[in-house]
Amino acid sequence: MSKVHVLNHPLIQHKLSIMRDKNTGTKEFRELLDEISMLMVYEVTRDLPTEEVEVETPLAKMKTRSLSGISIGIVPILRAGLGMVNGISSLIPNAKIGHIGLYRDPETLEPVEYYCKLPLDAEQRLLLLLDPMLATGGSASAAIGFLKNRGCHNIKLVNLIAAPEGVARIEKEHPDVNIYVAAMDEYLDEHAYILPGLGDAGDRLFGTK
Ligand code: PRP
Ligand code: URA
């Protein structure tokens, strides 16, 4: 079963409250998503392997630990996932960045794929799949399926806000994928928007309608 990590650190809660406010404009919304994504990296990468290394400080030699060479890929789901890339890549600067283009058909609510470009060695990497909103879970589940079809099996899903319906879908369809969220919200409305949510993440991030 997927493990759901709710990263409700006070700083994250505070910044997310401002993002949710309908009066928060695009510039601030974008900056806050950047900052929260950066804060989330701390927990998302908690189980990365380390190895012993020797370092010489100005005073003595010591044995310490550093990351043991695991390669990471950052894969935003277009469009809104793009808003999480800067924060995460600033802390994992060696990560390669792939892109998956999906949009949710407003009639059927089913995800439609329109783009995919992944690192050549994606199947050897830990992939952090990014999307601020996990609503029905259709987009994230399709994106995970897409990655698995290309041989990628080490995947973590990173969302800002999730609905219980979306989490349940990932748990059912991809029980091997752990989910990291800043907040678990209450339910979906009849248009599959997360309530209370923050509205349309892509529109608020990019200033479109
Ligand atoms: C939003 C969001 C997710 C998806 C979530 O994208 O960024 O990708 O909806 O909904 P789901 O869990 O029900 O699939 P949208 O389809 O609005 O596209 P956009 O990022 O281009 O705005
Ligand atoms: N996509 C969004 O951007 N917001 C929602 O609440 C649900 C899907």
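Mentor: Before we start: helices here are DSSP runs of H or I with at least four residues, strands are runs of E with at least two, and both are numbered from the N terminus. Keep in mind that this is a predicted model.

Trainee: Got it. Which residues come nearest to ligand 1?

Mentor: The nearest are R79, R104, D131, T136 and S139, out of 14 residues around ligand 1.

Trainee: What side-chain atom does S139 bring to ligand 1?

Mentor: A polar one. It lies 2.5 Å from an oxygen atom of ligand 1.

Trainee: And how far is the side chain of R79 from an oxygen atom of ligand 1?

Mentor: An N or O atom of the R79 side chain is 2.8 Å from an oxygen of the ligand. G137 uses its backbone instead: one of its N or O atoms there lies 2.8 Å from an oxygen atom of ligand 1.

Trainee: How much of the accessible area of ligand 1 does the protein cover?

Mentor: 89% of it. On its own, ligand 1 has 500 Å² of accessible area.

Trainee: Which elements give two or more residues to the shell around ligand 1?

Mentor: There are two strands and a helix: β6 (99-104), β9 (133-134) and α4 (138-149). By class, that shell has 6 nonpolar, 5 polar and 3 charged residues.

Trainee: What kind of space does ligand 1 take?

Mentor: The largest pocket. Ligand 2 sits in the largest pocket as well.

Trainee: Let's switch, then. Which residues surround ligand 2?

Mentor: R104, M133, A135, A192, Y193, I194, G199, D200 and A201. They divide into 6 nonpolar, 1 polar and 2 charged. You have met R104 already, among the residues that come nearest to ligand 1.

Trainee: Which atom of ligand 2 is 2.8 Å from a polar backbone atom of G199?

Mentor: A nitrogen atom. With I194, a backbone N or O atom lies 2.8 Å from an oxygen atom of ligand 2. A201 also uses a backbone N or O atom, at 2.8 Å from an oxygen atom of that ligand.

Trainee: What share of ligand 2 does the protein cover?

Mentor: 88% of the 240 Å² of accessible area that ligand 2 has on its own.

Trainee: Now the backbone. What about the phi of A192?

Mentor: It is positive, about 65°, although A192 is not a glycine. Most residues other than glycine have a negative phi.

Trainee: Where is A192?

Mentor: In the loop between β12 (187-188) and β13.

Trainee: Why does A192 count as buried?

Mentor: Because its relative accessibility is 5%, and buried means under 20%.

Trainee: Which peptide bonds should I look at?

Mentor: Two cis ones. Most peptide bonds are trans. The bond from L78 to R79 is cis, with omega near 0°. L195 and P196 are also joined by a cis bond, with omega about -5°.

Trainee: Where is the place of R79?

Mentor: The loop between β4 (72-78) and α3 (85-91). This is the residue whose side chain has an N or O atom 2.8 Å from an oxygen of ligand 1. P196 is in another stretch, the loop between β13 (194-195) and α6 (201-206).

Trainee: Last one: T136. Buried or exposed?

Mentor: T136 counts as buried because its relative accessibility is 19%, and the cut-off is under 20%. T136 is found in the loop between β9 and α4.

Trainee: What does the side chain of T136 reach?

Mentor: The backbone nitrogen of G138, at 3.0 Å. T136 is also one of the residues that come nearest to ligand 1.

Definitions and conventions
Residues are numbered from 1 along each chain as its sequence is written. Chains are lettered from A and ligands numbered from 1 in the order in which they are written. This is a predicted model: local features need pLDDT of at least 70, side-chain atom pairs count only at pLDDT 80 or more; totals for chains, interfaces and linings use all residues. Side-chain values use heavy atoms; hydrogens and water are left out. A residue is near a molecule or strand if one of its heavy atoms lies within 4 Å of it. A polar contact is a pair of N or O atoms within 3.5 Å; within protein, one must be able to donate a hydrogen and the other to accept it, and residues adjacent in sequence count only if both atoms are side-chain atoms. Accessible areas come from the Shrake-Rupley method with a 1.4 Å probe; for residues, only the protein chains shown count as cover. On a 1 Å grid over the protein atoms alone, a cavity is a set of points where a 1.4 Å probe fits but cannot get out, and a pocket is an open set with protein on both sides within 12 Å along at least five of seven lines; lining residues have an atom within 4 Å of a point. A molecule sits in a cavity or pocket if more than half of its atoms lie within 2 Å of its grid points. Ala, Val, Leu, Ile, Met, Phe, Trp, Tyr, Cys and Pro count as nonpolar, Asp, Glu, Lys and Arg as charged, and the others, Gly among them, as polar. Buried means under 20% relative accessible area, exposed over 50%, partly exposed in between (1.4 Å probe, protein chains only).
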